[in-house]
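Reader: Got a minute to go through a model with me? Put it up and I'll ask as we go.

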Amino acid sequence: MGEEINIKPIIYEQPAIRFEVYPFSPWINEMSWYDAEEWCGKLKDGWRLPTKYELDILYKNKDTIGDFQDEWYCSSSKVDSYMWRGQLMDSYMWIQSFTTGTQAPGDKKDYHRVRFNRDIK
C-alpha cells in the first residue's frame, strides 16, 4: 500500500445508477468481508464493496468490464438474520456466483473474490 497506484477505473452508467469499478489487482484477490472492508478504508476515495444490486450489474456486464473469475464475489449487503439448522445466522452477507449468477448468503468470515467500486460524483 506504500506505493501510489495509477487507477484507470471502468465506469458503468445507467440512468438510475452510476459507479466506477476498481481495476483487477492481483494483490486484492480473495478475502473475508471484514478484510475487504478494511481494504476499502485503506484505498480511501470512496472505494467500497458493491451492493447486492450492483454486484448483479457487474455479473451481467462481466465480459464487458473484464478480469472477473468464475467464482463467488462479496457484496456489502448484509443478509437479515435468519435461522438455519437451529442456529442464528447474523454474520452473513450476500455473495454472487460469477459462473451462474446465483446470489446466496455467505459467511463474512469466509474468503471470496472482491471487486471494489465507488459512486460517480
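Author: Let's take the overall make-up, then one helix, then one glutamine. It's a predicted model: local features need pLDDT of at least 70, side-chain atom pairs count only at pLDDT 80 or more, and totals for chains, interfaces and linings use all residues. Residues are numbered from 1 along each chain as its sequence is written, and side-chain values use heavy atoms, with hydrogens and water left out.

Reader: How many helices and strands are there in the protein?

Author: The protein has 3 helices and 10 strands, counted as DSSP runs (helices H or I, at least four residues; strands E, at least two) and numbered from the N terminus. Their order from the N terminus is β-β-β-α-α-α-β-β-β-β-β-β-β.

Reader: OK, helix 1. Which residues are buried?

Author: In helix 1 (residues 33-43), they are Trp-33, Ala-36, Trp-39, Cys-40 and Leu-43. Buried means under 20% relative accessible area, with a 1.4 Å probe and protein chains only. They line one face of the helix, because seen down its axis they fall within an arc of 115 degrees, taken from the directions from the helix axis to the C-beta atoms.

Reader: And what covers them?

Author: The cover includes strand 3 (30-31), strand 4 (72-78) and strand 7 (92-97).

Reader: Switching to Gln-96: why does it count as buried?

Author: Because its relative accessibility is 0%. Gln-96 lies in strand 7.

Reader: Which side chain does Gln-96 join in a polar contact?

Author: That of Gln-103, at 2.7 Å. A polar contact is a pair of N or O atoms within 3.5 Å; within protein, one must be able to donate a hydrogen and the other to accept it, and residues adjacent in sequence count only if both atoms are side-chain atoms. The Gln-96 side chain also reaches the backbone oxygen of Gly-101 at 3.1 Å.

Definitions and conventions
Buried < 20%, exposed > 50% of the residue type's maximum accessible area, 1.4 Å probe, protein only. Contact = heavy atoms within 4.5 Å.
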